[in-house]
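This report describes selected features of a predicted protein model. The sequence and structure are shown first, and the description follows.

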Amino acid sequence: MRRRYTWNIFQSIEYSGEQAQIKLYNFLGYLMDNFTPSSSERNLISHIFRENDICRDAEWERYFCYKNIEVPEVYSGPHLTFPLTLEQAIGLLDAFRNKKQLHSRYVLQLLLETWRLLRMLPNINRISTCHSKEVTICGDLHGQLEDLLLIFYKNGMPSLEKPYVFNGDFVDRGKDSIEILLILFSFLLIYPSDVYLNRGNHEDHIINLRYGFTKEVLTKYRVHGKRILKLLQKIFSWLPLATVIDQKVLVLHGGISDTTDLAVLAKLDRHSYVSALRPPKKRNQSLSGLSMDMDIGDEGWGTSRVFKRRASLAYSKSLGTRNCFQNRSLQDFSGRLRMNMDNELEIPSRKQSVFLSDEGGSEKEALNVSTDSVRSDNSNEEWRQILDLLWSDPMTQNGCKPNEVRGGGCYWGPDITEDFLNRHNMQLIIRSHECKQEGYEFCHNRRVLTLFSASNYYDVGSNRGAYVKMGPDLEPYVIQYQASSMTRELTAKQSIGRTERSALKVLREQLFAHKSDLICAFRGFDTENAGLVSLSDWACAVESVMHLNLPWRMLRCQLVTCKGSDGMIDYNAWFHELAIKGPNTDHIEQTLLETLYRHRSTLETIFRIVDTDNSGFISMEDFRQTWKLLSVYLKMEITDEAISDLAVTIDSNQDGSIDIDEFMEAFRLTDKKSRLERGRSMFMGTATDLTKLDEDPNI
C-alpha cells in the first residue's frame, strides 16, 4: 500500500505538470492570435511560434554549417570523420561514459548528417524479422544515459544482426539527453536499415522549454547551443511516427484513438508538425504582398480559434474574434477575459460565410474562405492523429475520451484496440509514454504492451526499466533491470522507504505552496474558528484544493504529526510544521511570494521563452513583462510595485538584468534538488491551478 500511494503521488504531480505546460502554450498561442503584431507583449513570445520558416533546406544547411568552427588542440574528446564507422560510435559511447563532451563542430556535423538521412525516411518504418534476427524494442529513456549503457551491455550494441527500435522520449528530465541523441543518431547513420527511431511527445521544442533539455543544451554548448537547438527542432519534426514489425506489431510512442488511421499517418507531411501541441501554419499573402502566418485552425480572420473534436487537447477557450482585440494591451487584457458559453455549443463545421456575413463580407469572400476551411479541416484531422499518437494512454473501460489528466491526446479502451487491430490486420500494439513500476505492463487482453526503459525514474528504487526482444514468432520477451547499483544493495523495505520519503517531501512542498487556499478550505469546515478540523474534514479540504486524487486519510499519519484534542487537527500548527526555510522574503508581498513558489515551473518556462538570445539573462523590463504574462494567465492582480520590489531583491549587483538560474534557485523550496526534480521543472503546479480558467462559466 505504501508503494502504491508513493507511486500515485509521483504520477499525479508529473501529469499535472504536463497539463500545465499545454495550457500555458495554448494561452500564449491565444495571445499571439489576438494581439496586434506590433505589440511588445506579442514580440516577447512570437519567436517560439515561428515554425514554418520560409528558408529552404539549402539555406538552413548554410546556417547550420560547422566548417568555420575550429577544434582547439587542447580538446581531448572524441574526433569524428564521416561517413561514421562503428569504431567511432564505440569511441563516442566510451567518451560519454567517462563524462567527456563532444565538440560542437562534431555535434553540428553529426546532426546535419542525421537530418539529411531522416528526410529520406517514411512516416511509418516497416521492418521484418527472420530466423537469424531478433528485434529489440526500447521505451522512454528521458536523458538517463546509464539505462542506455546498461541495455547495450546486457543486450549488445545495434548491428546488422541486432536491430533496435527506440520508441521516443529520448530527452528531457535526465541530465544526459544530448549524449543519448548523439549515440542513437550515430548508430542510425551506421546502420540505417537496422536502427529505427520513433518520435515521442518530448521530441518537441515547446515541451523541452519546461522539462530541461533546452537548458541542458545551452549549458553544455554556450557558444553554439542556439544553432544546435534549432537543428534539433528540425530533426525532431522529421523523426518517423511509428514502426511496424512483420505487418503485425505496431510500435508507437503514445497510443491510438477511435479515429487513428495508419493510411492517413503514412501520407501526411510529418515535418510540418514542429510542435504537436499546435496545428501547423499555412502562408497567406496579405494585401501588401507580405507573407503572414495563419493557424490552420483559423478559417479566417473572423473566426475564433477553437478546436472542437472531443477536446483532445486542453485548449484555451475562445475569447472572441481577433478584430475585437486588435488594440488591446496586456495590462488591460486580464480584466476582460469573457466569453459567451453559447460558443461551446456551436456546431464545429459551421460555414465560414456566417462569420463573414456578420462582418459585412461578400459572398465571393465567403466562398473563398469556405474552400480554405475544407483544406483546414483535413490538416486539423492530420494534426489530431499525430496528437493522439504521441499523447494518448490506454484505459480499462471501453470507449474513447479526452485525456484530461495529461491535457493532451485521449484515453482509449479495449474495444478501440480490438477494432483498430482488426481493421489493420495486426495482433499487438507496443507503446511507451507511461512509467510502470515493473518497467512494462500488458493491458487490453494482452494486446497492448506498455514499455518504459528509464529505471529509477522518479527516484532511486521507484521503478525498474525494461526492453523487449521479439523474434519471428512475434512473442514479446521482456527483460527488466535497474541501472543504479544502490538499488541492488537495498532490501525491498529499504527501497520502498527511500522512495516514500522522496515522494512525501515533494508532496509537503506542494501543500506548503498552497497554504492560502488550504487555510480558506479549512475555515470553511471550522465554523467556530477554533483552528481545528476533524480528520475527515481535513482530507476533504486538502483534496478540494490539490485535486491529486490521493488517499489523504491514510497519508495523514505521514503528513501530520501535531494533533489537537480528541483527534482533531490543528491546521495552523500543521502549517508551521510544514514551513520550509527559504530566502529572506520578509519584504516581498506574501501573495506574490506564494504565487512564485506555486507556479515556479511555469514562471521559469516563460523566462526561457522571453530569453530570446539564450544568454541566461533577461532585462528588468522583460522581467516585469514576464510577471504580467503570468498574472494574465493566472487571472490575478500583481502590482507593478510588488514586481519592482522582487526585481530589486534579485538584482543584487544592480546591473539592470536578472540571472534566470540564480532567480529560480533563490526561490527553490528545498535547499537541494532531489533526484526526482533533477533536470525537471514540473512540481510546482497542481490541477487546481490549471483549471482556474475553466471553473467560472464567464471565463
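## Surroundings of L86

Beyond its neighbours within four places in sequence, L86 makes contact with F187, I190 and Y191. One of these partners, F187, lies 101 residues away from L86 in sequence, yet the two C-alpha atoms are 7.8 Å apart in space.

L86 belongs to helix α4, which spans residues 86-97. With a relative accessible area of 30%, L86 is partly exposed, because this value falls between the limits of 20% for buried and 50% for exposed residues.

## Packing of helices α4 and α7

The axes of α4 and α7 come within 10 Å and cross at roughly 170°. The two helices are therefore roughly antiparallel to each other, since angles over 145 degrees are counted in that class.

On the α4 side, the residues that take part are L86, A89, L92, L93 and F96; their counterparts in α7 are E179, L182, I183, S186, F187 and I190. Sorted by class, this contact comprises 9 nonpolar, 1 polar and 1 charged residues.

## Nonpolar cores

The largest nonpolar core of the model contains 60 residues, and L102, F166 and L232 have the most contacts inside it. Helix α7 supplies the largest share of this core, with 10 residues. In soluble globular proteins, nonpolar side chains tend to be buried together.

Leaving aside neighbours within four places in sequence, L102 is in contact with Y75, P78, L80, L92, F96, V107, L182 and Y221. Among these, L92 and F96 are α4 residues that meet α7, while L182 is on the α7 side of that helix contact. Apart from the core of 60 residues lies another core, of 38 residues, which includes L511, A521, A541 and M546.

## The five-stranded sheet

An open sheet of 5 strands, with mixed pairing, follows the order β4-β3-β2-β15-β16. Its edge strands are β4 (195-197) and β16 (476-481), each of which pairs on one side only. On average, and with direction ignored, neighbouring strands of the sheet are turned by 20° against each other. Within the sheet, β2 (residues 135-138) and β15 (residues 465-470) run antiparallel and are joined by 4 bridges; C138 stands opposite Y467 in β15.

Two helices lie across strands of this sheet. Helix α6 (residues 145-155) lies across β2, β3 (164-166), β15 and β16, and runs at about 125° to β16. Helix α7 (residues 177-190) lies across β3 and β4, at about 130° to β4. Helix α7 thus has a place in several parts of this description: it lies across sheet strands, meets α4 and contributes to the largest nonpolar core.

## The β13-β14 hairpin

Strands β13 (residues 440-443) and β14 (residues 448-451) run antiparallel and are joined by 4 bridges. The bridge partner of F442 in β14 is L449. The two strands form a hairpin with 4 residues between them, and H444 in the turn has a positive phi of about 55°.

## Helix α24

Helix α24 (residues 600-610) is mostly covered, with 11 of its 11 residues buried. The buried residues include the charged residues R600, E604 and R608, as well as L603, I606, F607, I609 and V610.

How values were computed. Residues are numbered from 1 along each chain as its sequence is written. This is a predicted model: local features need pLDDT of at least 70, side-chain atom pairs count only at pLDDT 80 or more; totals for chains, interfaces and linings use all residues. Side-chain values use heavy atoms; hydrogens and water are left out. Two strands pair if DSSP finds at least two bridges between them. Axes are lines fitted to C-alpha atoms, for helices over the stretch in contact, and angles run from 0 to 180 degrees between N-to-C directions. Contact means heavy atoms within 4.5 Å. Buried means under 20% relative accessible area, exposed over 50%, partly exposed in between (1.4 Å probe, protein chains only). A nonpolar core is a set of buried Ala, Val, Leu, Ile, Met, Phe, Trp, Tyr and Cys residues joined through side-chain atoms within 4.5 Å. Angles under 35 degrees count as roughly parallel, over 145 as roughly antiparallel, 65 to 115 as roughly perpendicular and the rest as oblique.
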